[in-house]
Amino acid sequence: MAITYLKRGKSDAERDQDDSRTRATVEATLKDIGTRGDAAVRELSQKFDSYAPDSFRLSQEQIDALIAELSPRELEDIRFAQSQIRRFAEAQRASMQDIEVETRPGVILGHRNIPVQSVGCYVPGGKFPMVASAHMSVLTASVAGVPRIVACTPPFKGRPNPAVIAAMHLAGAHEIYVLGGIQAIGAMALGTESIQPVHMLVGPGNAFVAEAKRQLYGRVGIDLFAGPTETMVIADDSVDAELCATDLLGQAEHGYNSPAVLVTNSRALAEGTMAEVERLLQILPTAETASASWRDYGEVILCDSHDEMLQVANDIASEHVQVMTDRDDWYLDHMTSYGALFLGARTNVANGDKVIGTNHTLPTRKAGRYTGGLWVGKFLKTHTYQRITTDEAAAEIGAYCSRLCLLEGFVGHAEQANIRVRRHGGANIPYGGAAE
């Protein structure tokens, strides 16, 4: 086997070192928000966004005025994207059924899928107004039936971005705040005098937002631990270098630390793609960001076979995996670790980011090995219940329970079972003894 790196990015250790620089800042900031509430939030918003209105929450009149700034085509495009996302989320929700089963006569077990009761959805907007992130979080929570959906987004160029606000409102947000960064995450999770805390936080963000969610996890639920956007292209000589380079740079423009990886079994494609990347960086308007990502985190990995390519891809477990080969379905059948798959040269990651209908909040940093991305099921809690309806079942289950509790030394547990065996089964069990 021969796996050759024609280009390498920063190591995991170097990335972790970068991450550690934000932890102390986030910890101190969250402590300040927890202590001083609205005053701390206002100071942070003024400091980082130069934005401190009388109220961060938008009124219905303000929302309507912002939506009115959009053209009919812009509104139609937002509605189209949301119709795609809603349709898929509704199908996913329909697949999750409450169940009830009688495992033995008189023994009934079941579960119910109950929505999280309040969710805070963060929609990034400092560098780019992330309209699509409103669909992915707010709309999906709405389909799940969450009764209170709070949405926060930073000001864009000094004011609320009309398209983001429209997307939040049309998706079903109950409260919309023009608030970004750690201050938004802290306010939603910890609560302030003017913002009631939520039970769960979702949505992507920069390193400070991601670290704030990490530190708050446990106090509130979160969707996943998100890092910088990652993309991988798995390609053979059935596609060309321009296509591969375009798709790699399309995601590298997200930030200065967005890994973009080509895995191929064609040296000609590998070398051609590297050349095409350099050519496109001369004309790409977002080249300042994309070139930094490609320089520091871009990788080109040459393999001998599709089996090796699969091995590499499952090991890296990239957030986005674009497969453009002569055997795309083979990868679908064999890939086990990724955020989302994009199959075939007609498909691309931007479709998934913006409009096609699947969710774009996905696992990064190898988290695809143990979790999938945000979906309607993330907003649902599966709660079990049980019921015994006959004396016979109470005595039978109780006898087993009594003996198993005493096997572990839990006498008090055993008595919970014994009292029911005595009452419903007529057995004469001494206190603290085992049922026959």
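In what order do the 5 strands of the open sheet run, and is their pairing parallel or antiparallel? The order is β6-β5-β4-β7-β8, and the pairing is parallel. The model is a predicted one, and this sheet is a convenient place to enter it.

At the two edges of the sheet stand β6, residues 175-178, and β8, each of which pairs on one side only. For β8, the neighbour is β7, which covers residues 200-202; the two strands run parallel and are joined by 2 bridges. M200 has G221 of β8 as its bridge partner.

The sheet is one part of a protein whose secondary structure comes to 16 helices and 14 strands. The C-alpha trace spans about 90 × 65 × 45 Å along its principal axes. Of the 436 residues, 50% are buried. Among contacts between residues at least 6 apart in sequence, 73% join residues at least 24 apart. The accessible surface comes to about 20,700 Å², and carbon and sulfur atoms account for 51% of that area.

The interior comes next. In soluble globular proteins, nonpolar side chains tend to be buried together. Here, the largest nonpolar core holds 70 residues, and the ones with the most contacts inside it are M168, L179, L201 and F379. Helix α5, residues 131-144, supplies the largest share of this core, with 8 residues. A second core, separate from that one, has 21 residues, including C244, L248, A252 and A287.

F379 shows how distant parts of the chain come together. Leaving aside neighbours within four places in sequence, F379 is in contact with I114, P115, V116 and V119, among others. Its contacts also include S137, T140, A141 and A144, and helix α5 spans residues 131-144. Further partners of F379 are V146, M200, V202 and L374. M200 is thus named twice in this account: as a contact of F379 and as the bridge partner of G221.

Not every nonpolar side chain is inside. On the surface, Y217, F225 and Y370 form a nonpolar patch, with about 380 Å² of accessible area together. F225 sits in the loop that links β8, residues 221-222, to β9, residues 231-235. Why is F225 classed as partly exposed? The reason is its relative accessibility of 37%, since partly exposed covers values between the 20% limit for buried and the 50% limit for exposed. The loop carrying F225 therefore follows directly on β8 in the naming used here, and β8 is an edge strand of the sheet described at the start.

Definitions and conventions. Residues are numbered from 1 along each chain as its sequence is written. This is a predicted model: local features need pLDDT of at least 70, side-chain atom pairs count only at pLDDT 80 or more; totals for chains, interfaces and linings use all residues. Side-chain values use heavy atoms; hydrogens and water are left out. Patches are made of residues with over 30% relative accessible area and no salt bridge: like charges are joined within 9 Å, nonpolar side chains (Val, Leu, Ile, Met, Phe, Trp, Tyr) within 5 Å. Accessible areas come from the Shrake-Rupley method with a 1.4 Å probe; for residues, only the protein chains shown count as cover. A salt bridge is a side-chain nitrogen of Lys or Arg within 4 Å of a carboxyl oxygen of Asp or Glu. Helices (H or I, at least four residues) and strands (E, at least two) are DSSP runs, numbered from the N terminus. Buried means under 20% relative accessible area, exposed over 50%, partly exposed in between (1.4 Å probe, protein chains only). A nonpolar core is a set of buried Ala, Val, Leu, Ile, Met, Phe, Trp, Tyr and Cys residues joined through side-chain atoms within 4.5 Å. Contact means heavy atoms within 4.5 Å. Two strands pair if DSSP finds at least two bridges between them.
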